[in-house]
Amino acid sequence: MGFFASVDGLITPAHEARVSVLDNGFTFGDAVYETLRTYGGRPFALARHLRRLRASAGRLGIAIPLADAELATRLDALLARAENAESYIRFVVSRGVGDISYHFDKVQGPTVVMVVKPYVFPPAAWRTEGVRVSLVDVRRNHPDALDPAIKSCNLLNNILAMRAAQAAGAMEAILLNASGEIAEGAGSNVFVVRGGEVLTPPLAAGILAGITREVLLELAPGCGVAIRETPLRADDLLGADEAFLTSTLKELAPITRVDDRAIGSGRPGPLTLRLLDAFQRHAPSESI
Ligand SMILES: Cc1ncc(COP(=O)(O)O)c(C=O)c1O
């Protein structure tokens with residue numbers, strides 16, 4: 001089982017991997033990232049993740065001079081070296097090495113990093129008991145300030161929210177946007193079930209376009225489940241029949257408590273579990 005990194009194509013044990021202290025990713029958080037996992041040892045939805053990585057980089061004016069096929073080849077070499085049954089995968093692309101200034105023309109880059117480590121499966125209790133989340137006071141960054149659609153390494157908004165959630169004993173923070181609508185989790189998208197219909201905030205709520213969310217929107221009609229994108233308020237979550245989170249690492253995690261309040265029956269709901277099963281059946285087919 002291995003924890004390995006590739007820095008501009010050079011593979012080493014992760015703890016020996018080095019990036020310059022002058023790297024803009026370190027000095028400014030001037031970098032973008034993706035988190036993936038494998039199914040059957042192969043990365044899930046790599047093409048979708050690379051598309052989002054390039055979109056995030058593009059928003060920051062960072063060009064990634066490697067074709068998808070070259071990135072995939074580097075990742076394959078790293079996965080082969082790590083020999084994990086299943087891996088967590090992180091891509092980080094920073095603007096590159098600068099001089100701690102806003103002189104972007106002096107930056108040599110980008111720096112292209114990949115890290116893999118053994119994937120830790122969600123606890124079995126998530127499926128039977130669900131998870132507890134916390135509605136935190138920290139608001140999601142306003143898209144006009146730092147658009148959450150950019151998956152940037154500038155994660156202080158998420159860190160402040162997670163610190164508040166962890167202090168409240170919850171595994172995830174739910175953030176409202178500046179208008180008081182539900183935005184997303186610190187590391188996940190949010191869904192609620194009401195009257196047999198599944199609802200989730202639209203991208204216009206100022207959220208990350210989650211890959212799990214995207215796949216689920218595609219899969220749901222085939223499972224006889226309607227998912228509708230619509231603005232949601234805190235009361236929609238608190239009064240939901242069921243609720244769940246989605247993310248690459250969590251797949252679908254049933255929300256059974258929001259702070260001290262039980263959601264629905266207080267147990268993972270039937271629609272949530274049906275969609276979780278459908279997602280788990282589908283995911284290996286997109287892992288190539
Ligand atoms: C803020 C945020 N929202 C949503 C997600 C879920 O995205 P995905 O399904 O692509 O993992 C993540 C994942 O890390 C995230 O950080």
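**Two domains and a helix**

Modeller: The C-alpha centres of domain 1 and domain 2 lie 26 Å apart. This is a predicted model, where local features need pLDDT of at least 70, side-chain atom pairs count only at pLDDT 80 or more, and totals for chains, interfaces and linings use all residues. Residue numbers start from 1 along each chain as its sequence is written.

Colleague: Where do the two domains fall in the sequence?

Modeller: Domain bounds come from an automatic or database domain assignment. Here domain 1 covers 4–118 and domain 2 covers 125–286.

Colleague: And how do I read the interface? How many residues of each domain are in contact?

Modeller: The size of an interface is often given as the accessible area lost when the parts come together. We'll use contacts instead, meaning that two C-beta atoms, placed from the backbone, lie within 7 Å. By that count, 20 residues of domain 1 touch 15 residues of domain 2. On the domain 1 side, strand S3 (31–39) and helix H2 (46–59) each supply at least two residues; S3 gives the largest share, eight residues. Helices (H or I, at least four residues) and strands (E, at least two) are DSSP runs, numbered from the N terminus.

Colleague: Now H5. How do I read which way a helix faces?

Modeller: An α-helix has 3.6 residues a turn, so residues three or four places apart point the same way. H5 takes in residues 156–167, twelve residues, and reaches 16 Å from its first C-alpha to its last, close to the 16 Å expected at 1.5 Å a residue (the expected span is 1.5 Å times one less than the number of residues).

Colleague: Which residues of H5 are buried?

Modeller: Buried means 20 or more other C-beta atoms within 10 Å of the residue's own, exposed means 12 or fewer, and partly exposed is in between, with C-beta atoms placed from the backbone. In H5, Asn158, Ala161, Met162 and Ala165 are buried. They line one face of the helix, because they fall within an arc of 100° seen down its axis (the arc is that of the directions from the helix axis to the C-beta atoms).

Colleague: What covers the buried residues of H5, and what is on the face turned away?

Modeller: The cover includes strands S7 (131–135) and S8 (172–176). The face turned away from the buried side carries exposed Leu156, Ile159 and Ala167. After H5 comes glycine 169, with a positive phi near 80°.

Colleague: Last one: why does phenylalanine 26 count as partly exposed?

Modeller: Because it has 18 C-beta neighbours inside 10 Å. Phenylalanine 26 sits in helix H1 (residues 24–28).
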